[in-house]
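Here are some worked exercises on how helices pack and which way their residues face. Have a go at each task before you read its solution.

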Amino acid sequence: MKLLILGAAGQLGSTFAAVRNHDVVGLTRVDLDVTDHRAVVAAAARETPDVIVNCTAYNNVDGAEDDAMTALAVNAMAVRSMAAAATRVGATLVHYSTDFVFDGEATRPYTEDDRTRPVSTYGCSKLLGEWFAQDAPRWYVLRVESLFGGRQARSSVDKIAAALKEGRRAPVFVDRVVTPSYVEDVRDATLALLARDTPSGVFHCVNSGQGTWADVGRHIADLLGADPGLLVPTSVKDVTLRAQRPVYCALSNDRLAAAIGRPLPGWQDAIRRYVATL
Ligand SMILES: NC(=O)c1ccc[n+]([C@@H]2O[C@H](COP(=O)([O-])OP(=O)(O)OC[C@H]3O[C@@H](n4cnc5c(N)ncnc54)[C@H](OP(=O)(O)O)[C@@H]3O)[C@@H](O)[C@H]2O)c1
């Protein structure tokens with residue numbers, strides 16, 4: 001299978017670019033600006049991939065409130081170009097989305113059938129991207145959340161681990177509920193979905209389980225043998241951010257588990273494997 005990875009220098013993109021058991025072409029922003037429609041179509045025509053894997057994103061959630069045009073260009077219009085490019089070469093389009101397409105008012109993990117209602121410009125731009133991805137002949141929209149791993153080491157998990165290792169205090173939300181996603185598990189689940197010829201669809205591609213950031217912090221402290229007293233319990237209400245964030249955002253990955261024939265590893269196990277690499 002030939003994979004064309006877009007956004008190959010990012011957290012998830014660099015993880016895909018390192019895949020060795022497939023023919024992989026990774027393009028970074030330097031190689032291809034995905035907001036250039038003609039360039040996207042030309043890249044697909046040149047490479048003739050079986051699968052276009054879109055790992056690009058404008059991920060600055062607060063920045064998107066003041067720069068909606070860039071967020072829309074990268075997270076939505078570029079996906080439209082990729083769907084057009086995939087149609088021309090008969091490729092599958094894999095597109096990653098986010099828990100931020102939900103409003104965070106649920107009291108149990110969101111499923112793919114739950115109503116989307118983004119509360120930020122970033123979330124709106126990602127939801128539009130989900131819709132445009134569905135123009136490809138075969139497509140997967142994979143929602144990930146609180147992604148960690150990859151070359152960059154800049155995720156919230158990395159920030160908490162770095163602070164604890166250095167004996168610094170780390171603020172952790174006691175009321176934001178998430179299902180973290182390890183880039184290696186996301187990559188493996190994506191490849192499993194592709195290998196099984198699964199029908200097109202939206203899937204929640206997160207590790208299993210749910211927890212608050214305080215739970216995540218305690219787990220990391222435990223793994224590092226660090227002082228859990230360095231974790232500073234913080235409420236979402238105590239922090240003012242430019243963009244509104246969904247508070248409860250655990251995602252159920254049951255549909256994906258059924259599609260690939262196995263459950264995804266729990267988030268505690270995923271963080272344990274990642275922290276061992278630090
Ligand atoms: N990180 C999370 O916690 C999180 C949570 C939910 C969903 N997601 C989704 O998961 C996917 C992967 O996220 P990630 O964390 O791996 O993202 P990332 O590390 O920020 O990587 C995104 C990549 O896209 C590139 N890019 C941005 N604009 C571009 C353009 N116009 N043309 C070409 N490339 C461009 C960036 O290049 P530069 O570095 O040069 O800007 C970067 O290499 C995204 O769809 C994201 O929305 C992530």
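Before the first task, one definition: a helix axis here is a line fitted to the C-alpha atoms over the stretch in contact, and angles run from 0 to 180 degrees between N-to-C directions. Keep in mind that this is a predicted model.

**Exercise 1. Describe how H6 packs on H8.**

Step 1: start with the geometry. Two packed helices are described by the angle between their axes and the distance between the axes. For H6 (residues 156-165) and H8 (residues 213-224), the angle is about 50° and the axes lie 10 Å apart.

Step 2: classify the angle. Angles under 35 degrees count as roughly parallel, and 65 to 115 as roughly perpendicular. H6 and H8 are therefore oblique to each other, and H6 passes H8 in a right-handed crossing.

Step 3: find the residues in the contact. H6 brings Ser156, Val157, Ile160, Ala161, Leu164 and Lys165, which meet Trp213, Val216, Gly217, Ile220, Ala221 and Leu224 of H8. Sorted by class, the contact of H6 with H8 has 9 nonpolar, 2 polar and 1 charged residues.

**Exercise 2. Now take H8 with H10: what are the angle and the axis distance, and which residues make the contact?**

Step 1: H8 and H10 pack at about 45°, and their axes are 10 Å apart. That makes H8 oblique to H10. The crossing is right-handed.

Step 2: on the H8 side, the contact uses Asp215, Val216, His219, Ile220, Leu223 and Leu224. H10 answers with Trp267, Gln268, Ile271, Arg272 and Val275. By class, the residues of this H8 with H10 contact come to 7 nonpolar, 2 polar and 2 charged.

**Exercise 3. Work out how the buried residues of H10 are arranged around its axis.**

Step 1: list them. In H10 (residues 267-275), Trp267, Ala270, Ile271, Tyr274 and Val275 are buried.

Step 2: check the arc. These residues cover an arc of only 125° around the axis, which puts them on the same side of H10. The general background: an α-helix has 3.6 residues a turn, so residues three or four places apart point the same way.

Step 3: look for what they pack against. The partners are strand E6 (147-148), H6, strand E9 (181-182), H7, strand E11 (211-212) and H8.

**Exercise 4. Give the full picture for H2: its crossing with H4, its buried face and its exposed face.**

Step 1: the axes of H2 (residues 37-47) and H4 (residues 68-89) come within 9 Å and cross at roughly 30°. That makes H2 roughly parallel to H4, and H2 passes H4 in a right-handed crossing.

Step 2: from H2, His37, Val40, Val41, Ala44 and Ala45 meet Ser81, Met82, Ala84, Ala85, Arg88 and Val89 in H4. The residues of this contact split into 8 nonpolar, 2 polar and 1 charged.

Step 3: Val40, Val41, Ala43, Ala44 and Glu47 are the buried residues in H2. Seen down the axis of H2, they fall within an arc of 160°, so they line one face of the helix. Their cover includes strand E1 (2-6), strand E2 (23-27), strand E3 (51-54) and H4. On the face turned away from the buried side sit the exposed residues Arg38 and Arg46.

Step 4: see what comes next. H2 is followed by Thr48, in the loop between H2 and E3. Thr48 has a phi near 40°, a positive value in a residue other than glycine.

**Exercise 5. Is Asp197 buried or exposed, and where is it found?**

Step 1: Asp197 is found in the loop between H7 (183-195) and strand E10 (201-204). Its phi is positive, about 60°, although Asp197 is not a glycine.

Step 2: exposed means over 50% relative accessible area. Asp197 has 57%, so it is exposed.

**Exercise 6. Is Leu127 buried or exposed, and which residues does it touch?**

Step 1: Leu127 is found in H5 (residues 121-133). With a relative accessible area of 7%, Leu127 is buried.

Step 2: leaving out residues up to four places away in sequence, Leu127 touches Val101, Thr116 and Pro118.

Definitions and conventions. Residues numbered from 1 in each chain as written. Predicted model: local features only at pLDDT ≥ 70, side-chain atom pairs only at ≥ 80, totals over all residues. Heavy atoms only, no water. Helix = DSSP H or I, 4+ residues; strand = E, 2+ residues; numbered from the N terminus. Parallel < 35°, antiparallel > 145°, perpendicular 65-115°, else oblique. Left-handed = near helix turned anticlockwise from the far one by under 90°. Contact = heavy atoms within 4.5 Å. Nonpolar A, V, L, I, M, F, W, Y, C, P; charged D, E, K, R; others polar. Buried < 20%, exposed > 50% of the residue type's maximum accessible area, 1.4 Å probe, protein only. Arc of directions from axis to C-beta.
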